[in-house]
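User: I'm new to this one and keep tripping over the vocabulary. Could you show me the model and explain why things get the labels they do?

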Amino acid sequence: YLRTHKCINFITALLKITRLNLAGKLEAERFHLNKIISSAIMTVQNRANEKKISLSYEGTEHVINISGEKVLIEETLTNLLFNAVRYTPSGGRIVLTLKEEPDEYMVQIKDTGIGIPKGEEEKIFEEFHRAENARKVERDGTGLGLSFAKQVIEKHGGKIWANNNPEGGSTFSFTLPKTSTA
């Protein structure tokens, strides 16, 4: 039931992003970013457990109330976490961090996965682009997930980027402004 509900939400999100691209503005609502993060972690926790991957949260515990399209932000977070689980070998580690900056909130998902091939750090956010090492690990994939994430975060007035960690794996980061642009 939960996965069906998530699929319906994703289809709704795809329809919303299409409308968003046509209309150019969000249907903003106030919501707790912390709850969205908890929900996204719960959604991917079983898959992480199956691969014996440690999935943890570090960050502020006080309630962060932001404005935006809740379902789009939740789907973006869930997608980034699923990618981290998908491309992290068994026994690895994923840490989601939420930091409060002066003008924005920063979410980071750091993993001990396969990393990003040199020179593809920006290309991975293009529609239908899949890194060569990602295709080797997982043949199925549309190459739309990171493009979707980029559109959602940018429409909310934030930025998204990825980089390799010196010790291996990668970190996907995005920001959301404290004051809504929606």
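Analyst: Sure, and let's start with a term: a crossing of two helices is left-handed if the near helix is turned anticlockwise from the far one by less than a right angle, and right-handed if clockwise. In this predicted model, helix 2 passes helix 3 in a right-handed crossing. Helix 2 covers residues 33–50 and helix 3 covers residues 70–86.

User: What makes the crossing of helix 2 and helix 3 right-handed?

Analyst: The label is right-handed if the near helix is turned clockwise from the far one. Helix 2 over helix 3 gets that label, and the two pack at an angle of about 35° with axes 9 Å apart.

User: Which residues make that contact?

Analyst: From helix 2 come L33, I36, I37, S39, A40, I41, T43, V44, R47 and A48, and from helix 3 come K70, I73, E74, L77, T78, L81, F82 and V85. Sorted by class, that gives 12 nonpolar, three polar and three charged residues.

User: What is the handedness where helix 3 passes helix 5?

Analyst: That one is left-handed. The axes of helix 3 and helix 5 (residues 145–155) cross at roughly 145° and come within 10 Å. On the helix 3 side you'll find L72, I73, E75, T76, N79, L80 and N83, meeting G145, L146, F148, A149, V152 and I153 of helix 5. The class count here is eight nonpolar, four polar and one charged.

User: Why is S147 called buried?

Analyst: Buried means under 20% relative accessible area. S147 has 5% relative accessibility, so it counts as buried. S147 sits in helix 5, where the buried residues are L146, S147, F148, A149, V152 and I153. Its C-alpha atom is 9.6 Å from that of K123, with the two positions 24 residues apart along the chain counted as their separation.

User: And why is K52 called exposed?

Analyst: The cut-off for exposed is over 50%. K52 comes out at 67% relative accessibility, so it goes in the exposed class. You'll find K52 in the loop between helix 2 and strand 2. K52 also has a positive phi, near 55°, although it is a residue other than glycine. A glycine with positive phi turns up too: G157, which follows helix 5, has a value near 85°.

User: How do you know that strand 6 and strand 7 are paired?

Analyst: Two strands pair if there are at least two bridges between them. Strand 6 (residues 160–164) and strand 7 (residues 170–177) have five bridges, in the antiparallel sense, so by that cut-off they pair. You can look for I160 opposite F174 and W161 opposite S173. The two strands form a hairpin with five residues between them, and G168 in the turn has a positive phi of about 110°.

User: How many bridges join strand 5 to strand 7?

Analyst: Seven, and these two strands run antiparallel. Strand 5 spans residues 104–111. Y105 has L176 as its bridge partner in strand 7, and I109 stands opposite F172.

User: What makes strand 2 and strand 6 edge strands?

Analyst: Each of them pairs on one side only. The order in this open sheet of five strands is 2-4-5-7-6, with mixed pairing. Strands of a sheet pair through backbone hydrogen bonds, either parallel or antiparallel.

User: What makes strand 7 "mostly covered"?

Analyst: Eight of its eight residues are buried, and buried means under 20%. S170, F172, F174 and L176 point one way, while T171, S173, T175 and P177 point the other way, and all are buried.

User: How much of the whole protein chain is buried?

Analyst: Buried residues are 46% of the 182 in the protein chain. The protein chain exposes about 9800 Å², and carbon and sulfur atoms supply 53% of that.

User: What does the protein chain's secondary structure come to?

Analyst: Five helices and seven strands. Reading from the N terminus, the elements go α-β-α-β-β-α-β-β-α-α-β-β.

Note on methods: Residues numbered from 1 in each chain as written. Predicted model: local features only at pLDDT ≥ 70, side-chain atom pairs only at ≥ 80, totals over all residues. Heavy atoms only, no water. Helix = DSSP H or I, 4+ residues; strand = E, 2+ residues; numbered from the N terminus. Buried < 20%, exposed > 50% of the residue type's maximum accessible area, 1.4 Å probe, protein only. Areas by Shrake-Rupley, 256 points an atom, 1.4 Å probe, with all protein chains shown as cover. Axes fitted to C-alpha atoms, helices over the stretch in contact; angles between N-to-C directions. Contact = heavy atoms within 4.5 Å. Nonpolar A, V, L, I, M, F, W, Y, C, P; charged D, E, K, R; others polar.
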